[in-house]
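The following exercises concern a single protein chain and are each followed by a worked solution. Please inspect the sequence and the structure before proceeding.

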Amino acid sequence: MEQLLSELFKKYNIDVTQQQIDSLIMFYNLVIEENKKYNLTAITEKSDFAIKHFLDCCLPHALLKKGSSVIDIGAGAGFPSIPLKIIRPDLNIVMLDSLNKRVNFLNMVINSLGLKDIQAIHARAEDYALANREKFDIAVARAVAGLNTLSEYCIPFVKLGGQFVALKGSNYEEEILLAKNAIELLGGKVKQVQKVFIEEIDAERAFVVVDKVKTTPTKYPRSKNLPRVKPL
């Protein structure tokens, strides 16, 4: 995997050190080991993991300003947060997940890799938002839900002037259209969409950047799973 990661990151213009590659490989080994106990990912083969998890998570790193405070909603097994933290140690990251077993895994990864300025929190987004709304420079989310649902979970955490960055696939245009009302209602405005074609898997990735231009009404995010069941 070491050579593959070096070649991939060089091809897609991502600067990494040998130590960072070593940390990514250590993270991969931890995921594979813990995956035997409970399901963290269906992607386990080395080359697939390198492309679909590591490259995929690191591609939007240049969109994140240096020293930003970042919240990852629905962090799961640590994607995109852990790979981003490894290649961007300047970021200060909070990983939020509603499943305690995943949070325990994330804390083990943080300790095993010796990562600083990153923490895993066991909470639902609507509960954590009560005391932490509009505190972060950037909110990120990957493979969690549709953009209309994600916007309600993420935008309330973003400071005025900050950004929500959603990692999406080739159907991003339809998702943006469906999320237009939600984004505006929550105080956001789509700034740009950065597209990358990954030749190795013949797939397009899109990073939707939403600027926070107005304060989010305090009733959002709604509880009782309403952002999923009844999107704005």
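**Exercise 1. Classify the accessibility of Asp117 and describe its backbone setting.**

Step 1. Asp117 has a relative accessibility of 49% and therefore counts as partly exposed, where buried means under 20% relative accessible area, exposed over 50% and partly exposed in between (1.4 Å probe, protein chains only). The model is predicted: local features need pLDDT of at least 70, side-chain atom pairs count only at pLDDT 80 or more, and totals for chains, interfaces and linings use all residues. Residues are numbered from 1 along each chain as its sequence is written, and side-chain values use heavy atoms, with hydrogens and water left out.

Step 2. Asp117 is located in the loop between H5 and S3; helices (H or I, at least four residues) and strands (E, at least two) are DSSP runs, numbered from the N terminus.

Step 3. Although Asp117 is not a glycine, its phi is positive, at about 55°.

Step 4. Asp202 also has a positive phi, near 55°, and is a residue other than glycine. Asp202 sits in the loop between S6 and S7 and is exposed, with a relative accessible area of 61%.

**Exercise 2. Locate the cis peptide bonds that precede Pro80 and Pro221.**

Step 1. Phe79 and Pro80 are joined by a cis peptide bond with omega of about 10°. Pro80 belongs to the loop between strand S1 (69-73) and helix H4 (81-87).

Step 2. From Tyr220 to Pro221 the peptide bond is cis, with omega near 0°. Pro221 is found in the loop between S7 and helix H9 (226-229).

**Exercise 3. Determine the strand order of the open sheet and the helices that lie across its strands.**

Step 1. The open sheet consists of seven strands in the order S3-S2-S1-S4-S5-S7-S6, with mixed pairing; two strands pair if DSSP finds at least two bridges between them.

Step 2. Strand S3 (118-122) and S6 stand at the edges with a single partner strand each, so one side of each has no neighbour in the sheet.

Step 3. From one strand to the next, the twist averages 20°. Axes are lines fitted to C-alpha atoms, for helices over the stretch in contact, and angles run from 0 to 180 degrees between N-to-C directions.

Step 4. S4 and S5 run parallel and are joined by six bridges. Ile138 stands opposite Gln163 in S5.

Step 5. H3 lies across S4, S5, S6 and S7, at about 160° to S4, and H5 lies across strand S2 (92-97) and S3, at about 165° to S3.

**Exercise 4. Characterise the packing of helix H2 against helix H5.**

Step 1. Two packed helices are described by the angle between their axes and the distance between the axes.

Step 2. The axes of H2 (residues 18-35) and H5 (residues 100-113) come within 11 Å and cross at roughly 145°.

Step 3. H2 contributes Ser23, Met26, Phe27, Leu30, Val31 and Glu34 to the contact, and H5 contributes Phe105, Met108, Val109, Ser112 and Leu113; contact means heavy atoms within 4.5 Å.

Step 4. Of these contact residues, eight are nonpolar, two polar and one charged. Ala, Val, Leu, Ile, Met, Phe, Trp, Tyr, Cys and Pro count as nonpolar, Asp, Glu, Lys and Arg as charged, and the others, Gly among them, as polar.

**Exercise 5. Analyse the salt bridges of Glu200, Asp56 and Asp137.**

Step 1. A salt bridge is a side-chain nitrogen of Lys or Arg within 4 Å of a carboxyl oxygen of Asp or Glu. By this rule the count is 14.

Step 2. Glu200 and Lys11 form a salt bridge at 2.8 Å, N to O. Glu200 lies in the loop between strand S6 (188-198) and strand S7 (203-212) and Lys11 in helix H1 (residues 2-11), so the pair connects parts 189 residues apart in sequence. A network of salt bridges links Lys11, Glu199 and Glu200.

Step 3. In the salt bridge of Asp56 with Arg205, the closest N and O atoms are 2.4 Å apart. Asp56 lies in helix H3 (residues 46-58) and Arg205 in strand S7, so this pair ties together parts 149 residues apart in sequence. Asp56 is buried at 6% relative accessibility, and Arg205 is buried at 17%.

Step 4. Asp137 pairs with Lys159 in a salt bridge whose closest N and O atoms are 3.2 Å apart. Asp137 lies in strand S4 (residues 136-142) and Lys159 in strand S5 (residues 158-168), so parts 22 residues apart in sequence are tied together. Asp137 is partly exposed at 25%, as is Lys159 at 32%.
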